[in-house]
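Me: I'd like to learn how to read a structure like this one, feature by feature. Could you walk me through it?

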Amino acid sequence: MADFLMPALGADMETGRVVQWLVAPGATVKSGDVVAVVETHKGAIDVEIFLDGVIHDLVPLNTPLPVGAVLARVALPDAAPVTATPALAQTPTLAPALPQQRLTATAAAAPAPAPARPRISPAARQRARQLGIDPVTLQGHGADAVVTLADVERAAAARSAAMPASAVPPARGGGFDPAQMRQAIAAAMARSKREIPHYYLGQSIDFAAASDWITRWNADRPPEQRLLPAVLLLKATARALQAVPPLNGFWENGSFRAGDGIHIGWAIALRGGGLVAPAIHHADRLSLSELMEHLRDLVQRARSGGLRSSELTDPTITVTSLGDRGADSVYGVIYPPQVAIVGFGRVQPQPWVVDGQIVVRPVLQASLAADHRASDGHLGGQLLAAIDKALQAPETL
Amino acid sequence: MSPEDIRLLAADVLAGIAPEADLGTVGEHEDLREALDLDSMDFLNFIIGLSQRSGRPIPESDYPQLFTLQGLVRYLSS
């Protein structure tokens, strides 16, 4: 038997609660399967399991539990020989909690686990829970069929028309809450500023080559295949980290632990306030088109629910890019236990000296905040220089 | 497409990107990105939605014509 624990979905999480189990007791699970939806201050997160075996003793829904609490037990195949009980054989008994549609989808997705539950905005999820409506029964009318607040209200209106008021379950509070998220960010950032001796470096980068390259790439492609400058920044940072590995990893128990890959946490501002920086795994190995696809998917899921637990636990560094309407530059606060955060301001036309002449160039302000316990400014400067160099040859990214 | 259809289309596409954004509160000449706080990813998704549903390719060099409601209606009705 092994325990499946409440994961720490970032340094700023203390408690969470399971709002949906995507497997039935007795189901066979594989490492990497999404088995539960856990509500945190970052919204609803699809939690993966990293055990193989048969899952039992699932905790009840909606109970607040601390990080590290046991959520379920898993009988490992070698420890306890299990008479193979396919998940599907058990499903009919679970009909009320898990509609058939959900189980079929989960089973079909098993080889390449993907969240099969409907996408739902955090506000809609919270309202649905208050009203006691199961989101899987709802038809989404938002982008990509996301279930919106309006869909929930519509369903509630339809139900109350069909059902006596006394049958409506009592409202439950909680769920995603901007004030709670603000508090969690405050705690993590205060800890960062208290514990991490930051040093800061800034560098102006001529963005003309990157800009021209993107314009040419986008010119003859339909909108859905176009790239944003953000993907060049991501890839250039990932490449630079290959050359400067001491900035990619964690400060733990008084020493540096290198990341097991380059997993860039991409800071995403949430509408209505708050911030989340989920990982793009192995960003250095992805093509620009793949990175763009990941980025679009990540932004969509960060805002409408459905981030995966590994995306919140794995980032080895954070990148924050302010985009085309942001400020000129940004100096970030390191997200512990990471050791660095790279910031990019808005690209703007600026005077620039080329061969002793002043010309106008699109210029990008790049910055680095890094943990002085793990590295020095000399090394940090190498990272920014490597990012600059990579952006001068966008065709190689 | 009639100007009315274009407005409905824009509102519909927008609802999927920024569900709380209300196109009705945006002036004809206001920059949609500023008024609705759309970042570059939001705006690209907006263009993708408009392009797919109107059948127009909307090259990147035309984006500035779609920054305002008036420009957008003019562009897609031409």
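Me: Happy to start with burial. What percentage of the 78 residues of chain B count as buried?

Reply: One thing to keep in mind throughout: this is a predicted model. In chain B, 33% of the 78 residues count as buried.

Me: And how do I judge the overall size of chain B? What radius of gyration does chain B have, and what would a compact globule have?

Reply: The general idea is to compare the radius of gyration with what a compact globule of that length would show. With 78 residues, such a globule would be near 12 Å, and chain B has 11 Å, which agrees. Along the principal axes, the C-alpha atoms of chain B fill a box of roughly 25 × 25 × 20 Å.

Me: What are the elements of chain B, in order from the N terminus?

Reply: Reading from the N terminus, they run α-α-α-α; chain B has four helices and zero strands. For the contacts, look at sequence separation: among those in chain B with a separation of 6 or more, 59% are between residues 24 or more positions apart.

Me: Let's go to the interface. How many residues of chain B are in contact with chain A?

Reply: There are 18 in chain B, and they meet 20 residues of chain A. Next, ask which elements supply them: helix H1 (3–17) and helix H3 (40–54) of chain B each give two or more residues to that side. H3(B) gives the most, with six residues. By class, this side of chain B has 11 nonpolar, three polar and four charged residues.

Me: How do I read a pair of helices? At what angle do the axes of H7 and H10 of chain A cross?

Reply: Start with distance and angle, then handedness, then the residues. Helix H7 (residues 229–243) and helix H10 (residues 377–391) of chain A have axes that come within 8 Å and cross at roughly 130°. H7(A) and H10(A) are therefore oblique to each other. The crossing is right-handed. On the H7(A) side, the residues that meet H10(A) include A:Leu232, A:Ala236 and A:Arg239, while H10(A) brings A:Leu383 and A:Ile387, among others. This contact has nine nonpolar, one polar and one charged residues.

Me: Finally, a single residue: is A:Pro7 buried or exposed?

Reply: Count the neighbours: A:Pro7 has 23 C-beta neighbours inside 10 Å, so A:Pro7 counts as buried. A:Pro7 is found in the loop between strand S1 (2–5) and strand S2 (15–21) of chain A. Leaving out residues up to four places away in sequence, A:Pro7 touches A:Val47, A:Ser309 and A:Thr313.

Definitions and conventions:
Residues are numbered from 1 along each chain as its sequence is written. Chains are lettered from A and ligands numbered from 1 in the order in which they are written. This is a predicted model: local features need pLDDT of at least 70, side-chain atom pairs count only at pLDDT 80 or more; totals for chains, interfaces and linings use all residues. Two residues are in contact if their C-beta atoms, placed from the backbone, lie within 7 Å. Ala, Val, Leu, Ile, Met, Phe, Trp, Tyr, Cys and Pro count as nonpolar, Asp, Glu, Lys and Arg as charged, and the others, Gly among them, as polar. Axes are lines fitted to C-alpha atoms, for helices over the stretch in contact, and angles run from 0 to 180 degrees between N-to-C directions. Angles under 35 degrees count as roughly parallel, over 145 as roughly antiparallel, 65 to 115 as roughly perpendicular and the rest as oblique. A crossing is left-handed if the near helix is turned anticlockwise from the far one by less than a right angle, and right-handed if clockwise. The radius of gyration is taken over C-alpha atoms; the globule rule is 2.2 Å times the number of residues to the power 0.38. A residue is buried if 20 or more other C-beta atoms lie within 10 Å of its own, exposed if 12 or fewer, and partly exposed in between; C-beta atoms are placed from the backbone.
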